[in-house]
Amino acid sequence: MNMSNKEIAKYLLEAESNRTDIKRITLDKSPNLTVEEAYLIQEELVNMKLEQGHSIIGPKMGLTSRAKMVQMNVEEPIYGYIFNNMVIQDGAEISLSDYIHPKVEAEIAFILGKDIEGPGITGAQVLAATDYVCGALEIIDSRYENFNFTLPDVIADNASSSRVVLGNRIRKPEELELDLVGTVLKINGVMKDLGAGAAVLGHPANSVAMLANMLHRKGEKLKAGQVILTGGITGAVQLSYGDHVTAKLDGLGEVSFSVG
Ligand code: OOG
Ligand code: MG
């Protein structure tokens, strides 16, 4: 039985609001789903969130590092959208009961000073258009059982987006060598994963460039003021009750939250 894009988007949104996992849509609901169609479902889902009164803080990239591609068994970068109601304050406590099966990953975020419009955008152009960078923790919470999905499934599901914690040490991009930013992800003081900015497509600015070029295919662009997550440097780590999560990024300080 094939459902319309709107029906699938609604089904995914319901799983999110009921905090119940669902089988990936390519299993039975939409077995022949293509990447292009999956982005159309994502567009419906994004529009439904906008209609609910939420606003976009920026698009995000996902599956931009080898660590993430290997972990999720998906070989291509994707994008999704982060909304204002997904932002958690640095140091805050989240409640495990608000999620299905959340995981956390450490990232570098870009805050744009100028619009960036593809095609043909390079990392250097991105750096010139960026006002600030900061460290971030992204909480992902796939709506699919056991985070089991194919490329079109995860695109339709807004790239597993759930929450983001932005670090409060913001820096000008030229003050750092972003590819060399060492990153350590710790839970309750125990190191869970580590990496450097270069894990993300060689340099996190390349991730924003790829995003601008992908958005161009839809006639869209990145806008001044948007906050862009460039994708997990580290693999994602499952969250449990009582966890205190910290990411340390060289030159960008610490970002943290707790799980209650
Ligand atoms: C998809 C989301 C990927 C990242 O940073 O790689 C992502 C997933 O792994 O569920 O946000
Ligand atoms: Mg991410």
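## A quick tour of the fold and its ligand

Start with the whole protein in cartoon view: you'll find six helices and 13 strands (helices are DSSP runs of H or I with at least four residues, strands are runs of E with at least two, numbered from the N terminus). The radius of gyration, taken over C-alpha atoms, is 17 Å, close to the 18 Å that the globule rule gives for 260 residues, so the protein is as compact as a globular protein of that length. That rule is 2.2 Å times the number of residues to the power 0.38.

Before you click further: this is a predicted model, where local features need pLDDT of at least 70 and side-chain atom pairs count only at pLDDT 80 or more, while totals for chains, interfaces and linings use all residues. Residues are numbered from 1 along each chain as its sequence is written, and chains are lettered from A and ligands numbered from 1 in the order in which they are written.

Now switch to the C-alpha trace, which spans about 55 × 45 × 35 Å along its principal axes.

Next, select ligand 1. Which residues come nearest? Of the 15 around ligand 1, they are G62, K68, S160, G231 and G232 (a residue is near if its C-beta atom, placed from the backbone, lies within 6 Å). Colour α3 (66–72) and β6 (130–140) too: each supplies at least two residues of this shell.

Last stop: select residues 73–258, which an unreviewed UniProt entry annotates as "domain: Fumarylacetoacetase-like C-terminal"; such annotations may be inferred rather than shown by experiment. This span is 13% helix and 36% strand, and its end C-alpha atoms lie 28 Å apart.
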